[in-house]
Amino acid sequence: MNIKRILQRITGSDISIIYTDNRVNIISFTKGKGQITLRLQRIFMDAPLDVIHEIGQLLKNPRKKTPLINEYFKRNRWRIRKKARLTGRIEPMGRFYNLRKLFDRLNREYFAGELDAVVTWGRRSPKKAVRKRTLGSYNAETRTIRVNPILDSPRVPRYFIEYVLYHEMLHAYLGIKRDHRGRMRSHTPQFRELERRYRHYSKAIEWEKRLQRI
Ligand SMILES: [Zn+2]
């Protein structure tokens, strides 16, 4: 989808877009003769079509109400706020598996498409023993899910990667709770119950036992 082309079609003007890191002023524009210069916060680069359409309507009529833009901004604000803290490369595309695609599918199936998180393969490191807890991780501060790149292999079935991913998505979904002594508890009974809802749960648990051999 080309945002510029869509906006040009809606407004009938020539559009130039400047993407900004501005945290407060997320959309602003100046109009010249048949020409509009639009300054857009980066989060709109992957905004859905209906939001882009509303931006087009706004360019035509600056007084127009913008419920879709407001809602989109509300849901994506964390990406602006946390941007500075995101460190390391974000690379969801592996050699065999595209984590973003798997994430989106799981998100639709189990979280009504509402879960926001960054997802990436972790860095490849010299071969180490694979332990369960290192297969995936979730960083609540940056809302980043990392999956161990050792799993990016044709020998690993998709349902197993999805299981690891789903586990970390549950952490993002439930957050980290503290018990009455203030200790962190991530794998609560509720967590375990939701985890068992994963469609291929038993198969994944079974397959995990063979992990030492990959
Ligand atoms: Zn966990």
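At 40% relative accessibility, His 187 counts as partly exposed, whereas His 167 is buried, its relative accessible area being 10%. Both residues belong to the zinc site of this predicted model. The zinc ion has as its protein donors the NE2 atoms of His 167, His 171 and His 187, which lie 2.0 to 2.1 Å from the metal. Along the chain, these donors follow the spacing H-x3-H-x15-H. His 167 is located in helix 5 (residues 158-174), while His 187 is found in the loop between strand 8 (184-185) and helix 6 (189-195); the pair therefore ties together parts that are 20 residues apart in sequence.

The protein chain that holds this site comprises seven helices and eight strands. Of its 214 residues, 41% are buried. Among contacts in the protein chain with a separation of 6 or more, 60% are accounted for by residues 24 or more positions apart.

One open sheet consists of three strands in the order 1-3-2, with mixed pairing. Its edges are formed by strand 1 (14-20) and strand 2 (27-32), each of which has a single partner strand, so that one side of each is left without a neighbour in the sheet. On average, and with direction ignored, neighbouring strands of this sheet are turned by 15 degrees against each other. Strand 2 runs antiparallel to strand 3 (residues 35-41), and six bridges join the two. Within this part of the sheet, Ser 28 stands opposite Arg 39 of strand 3. Two helices are placed across these strands. Helix 1 (residues 3-11) lies across strand 1 and strand 3 and runs at about 135 degrees to strand 1. Helix 2 (residues 49-60) lies across strand 1, strand 2 and strand 3, and its course makes about 45 degrees with strand 2.

A further open sheet of three strands has the order 4-6-5, again with mixed pairing. Here strand 4 (118-121) and strand 5 stand at the edges; each has a single partner strand, and one side of each is therefore left without a neighbour in the sheet. From one strand to the next, the twist averages 20 degrees. Both senses of pairing can be traced through strand 6. Strand 4 and strand 6 pair in the parallel sense over four bridges, whereas strand 5 and strand 6 (residues 144-147) run antiparallel and are joined by four bridges. Arg 146 of strand 6 takes part on both sides: Thr 120 stands opposite Arg 146, and Arg 146 is also the bridge partner of Ser 137.

Strand 5 (residues 136-139) has two faces that differ in their cover. Gly 136 and Tyr 138 make up the covered face, and Ser 137 and Asn 139 the uncovered one. The hairpin of strand 5 and strand 6 has four residues between the strands, and in this hairpin Arg 143 adopts a positive phi near 50 degrees.

Helices also pack on the 4-6-5 sheet. Helix 4 (residues 99-111) lies across strand 4 and strand 6, running at about 140 degrees to strand 4. Helix 5 packs on the sheet as well and touches strand 4, strand 5 and strand 6; the direction of helix 5 makes about 20 degrees with that of strand 5. Helix 5, which contains His 167, thus links the description of the sheet to that of the zinc site.

Helix 5 is also in contact with helix 7. The buried residues of helix 7 (residues 201-208) are Tyr 201, Ala 204, Trp 207 and Glu 208. Seen down the axis of helix 7, these residues fall within an arc of 130 degrees, so they line one face of the helix. They pack against helix 5 and helix 6. The axes of helix 5 and helix 7 come within 9 Å and cross at roughly 100 degrees, an angle that makes helix 5 roughly perpendicular to helix 7. At this crossing, Tyr 159, Phe 160 and Tyr 163 of helix 5 meet Tyr 201, Lys 203, Ala 204, Ile 205, Trp 207 and Glu 208 of helix 7.

Notes
Residues are numbered from 1 along each chain as its sequence is written. This is a predicted model: local features need pLDDT of at least 70, side-chain atom pairs count only at pLDDT 80 or more; totals for chains, interfaces and linings use all residues. Side-chain values use heavy atoms; hydrogens and water are left out. Buried means under 20% relative accessible area, exposed over 50%, partly exposed in between (1.4 Å probe, protein chains only). Two strands pair if DSSP finds at least two bridges between them. Donors are N, O and S atoms within 2.8 Å of the metal (3.2 Å for Na, K and Ca); water is not among the atoms, so sites may look incomplete. Axes are lines fitted to C-alpha atoms, for helices over the stretch in contact, and angles run from 0 to 180 degrees between N-to-C directions. Contact means heavy atoms within 4.5 Å. The arc is that of the directions from the helix axis to the C-beta atoms. Angles under 35 degrees count as roughly parallel, over 145 as roughly antiparallel, 65 to 115 as roughly perpendicular and the rest as oblique.
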